[in-house]
Amino acid sequence: MEEVDYAHGKEHVYRVLANALDIMEHIDDKCDIDILIVSSLLHDIGRVDQKKKLDVCHAEIGSKKAYEYLLAAGWEESRAQLVSNAILTHRQKKKRQANSTEARILYDADKLDSLGLIGIARMLMYGGMIDEPLYVLDKDGNIVTESTLNEKSSFFQEFSLKLGVIESLYTEYAKDLARKRLNDAVVVCNKLKIEINQCRRDSYIRQFCSVEEKKHESKYFNSDY
């Protein structure tokens, strides 16, 4: 697979595969391990296209690419379609329902890698790649945390989207793992928000500038430092 970005590169793919195999061993549903492995390995094959154009859905184009690749490799059409469907439904923002055990496991496995400290690191790396800001402020100067389904928002908005991941997971085993990871991530994000509020330039100046100096504030805001 062509390297896209480190947040969705081969290390992410292998972690998703490990998560998928772990989930498979902890559920009772019958699972085709070959379908699961191949779906995990190919689930982000469409990221190359989405990197070139952000409004492209990597799950949609990836499902088509995987299907064509597997047919060319000699796979039966029905089995190639199972992989294709699993890839199509693995993206949280599109809210497509997974219709097979393998697809449900893949979804949960991929979402687990978006949580915890690994999830925070991946969000920051990907956000930097697409020029996504760490935070944006509302008209009152508060950090906006309301989630958005847009591909490009801010780190804190993207993190808010992750808070709803647990409800979307299919397996109880993955939900238990997700709760633990999310708790750790919430602690880190709350501390990060405190540091940002303490260090923000506008807050700092307003706190320490006297009334007499306020007429000179524009000079500070327009300075590069």
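**Notebook: cores, salt bridges and a pocket**

I looked up the largest nonpolar core and found that it has 30 residues. The residues with the most contacts inside this core are Ile23, Ile105, Phe155, Phe159, Leu169 and Ala178. I note here that the model is a predicted one.

I then asked which helices supply at least two residues each to this core. They are helix H1 (10-24), helix H6 (101-112), helix H7 (116-129), helix H8 (155-162), helix H9 (165-168) and helix H10 (172-199).

I followed Ile105 further. Leaving aside residues up to four places away in sequence, I found that Ile105 touches Ala20, Ile23, Met24, Ile27, Cys31 and Leu36. I also recorded a second, separate core of nine residues, with Val38, Leu70, Val83 and Ile87 among them.

**Salt bridges**

I turned next to charged pairs. Side chains of opposite charge can pair when their charged atoms come close. For this structure I recorded eleven salt bridges.

I examined the salt bridge between Arg15 and Asp113, in which the closest N and O atoms are 2.7 Å apart. Where in the chain do Arg15 and Asp113 lie? Arg15 is in helix H1 and Asp113 is in the loop between H6 and H7; the two are 98 residues apart, and the pair links distant parts of the chain.

I checked whether each partner is buried or exposed. Arg15 has a relative accessible area of 26% and is therefore partly exposed, since buried means under 20% and exposed over 50%. Asp113 has a relative accessibility of 1%, so I entered Asp113 as buried. I also noted that Arg15, Asp113 and Arg122 are linked in a network of salt bridges.

I looked up the pair Lys111 and Asp110, a salt bridge whose closest N and O atoms are 2.8 Å apart. Both Lys111 and Asp110 are buried.

I then took the salt bridge of Asp176 with Arg179, where the closest N and O atoms are 2.9 Å apart. Asp176 and Arg179 are separated by about one helical turn because they are three residues apart in helix H10. Asp176 is partly exposed at 39% relative accessibility, and Arg179 is partly exposed at 37%.

**The largest pocket**

Finally, I looked up the largest pocket, which holds about 240 Å³ of space. It is lined by 13 residues, and those closest to its centre are Gln92, Lys95, Tyr107, Gly164 and Ser168. What is the make-up of the lining of the largest pocket? I recorded four nonpolar, four polar and five charged residues.

Notes
Residues are numbered from 1 along each chain as its sequence is written. This is a predicted model: local features need pLDDT of at least 70, side-chain atom pairs count only at pLDDT 80 or more; totals for chains, interfaces and linings use all residues. Side-chain values use heavy atoms; hydrogens and water are left out. On a 1 Å grid over the protein atoms alone, a cavity is a set of points where a 1.4 Å probe fits but cannot get out, and a pocket is an open set with protein on both sides within 12 Å along at least five of seven lines; lining residues have an atom within 4 Å of a point. Grid points are joined across faces, edges and corners, and a volume is the space filled by probe spheres set on the points. Ala, Val, Leu, Ile, Met, Phe, Trp, Tyr, Cys and Pro count as nonpolar, Asp, Glu, Lys and Arg as charged, and the others, Gly among them, as polar. A nonpolar core is a set of buried Ala, Val, Leu, Ile, Met, Phe, Trp, Tyr and Cys residues joined through side-chain atoms within 4.5 Å. Buried means under 20% relative accessible area, exposed over 50%, partly exposed in between (1.4 Å probe, protein chains only). Helices (H or I, at least four residues) and strands (E, at least two) are DSSP runs, numbered from the N terminus. Contact means heavy atoms within 4.5 Å. A salt bridge is a side-chain nitrogen of Lys or Arg within 4 Å of a carboxyl oxygen of Asp or Glu.
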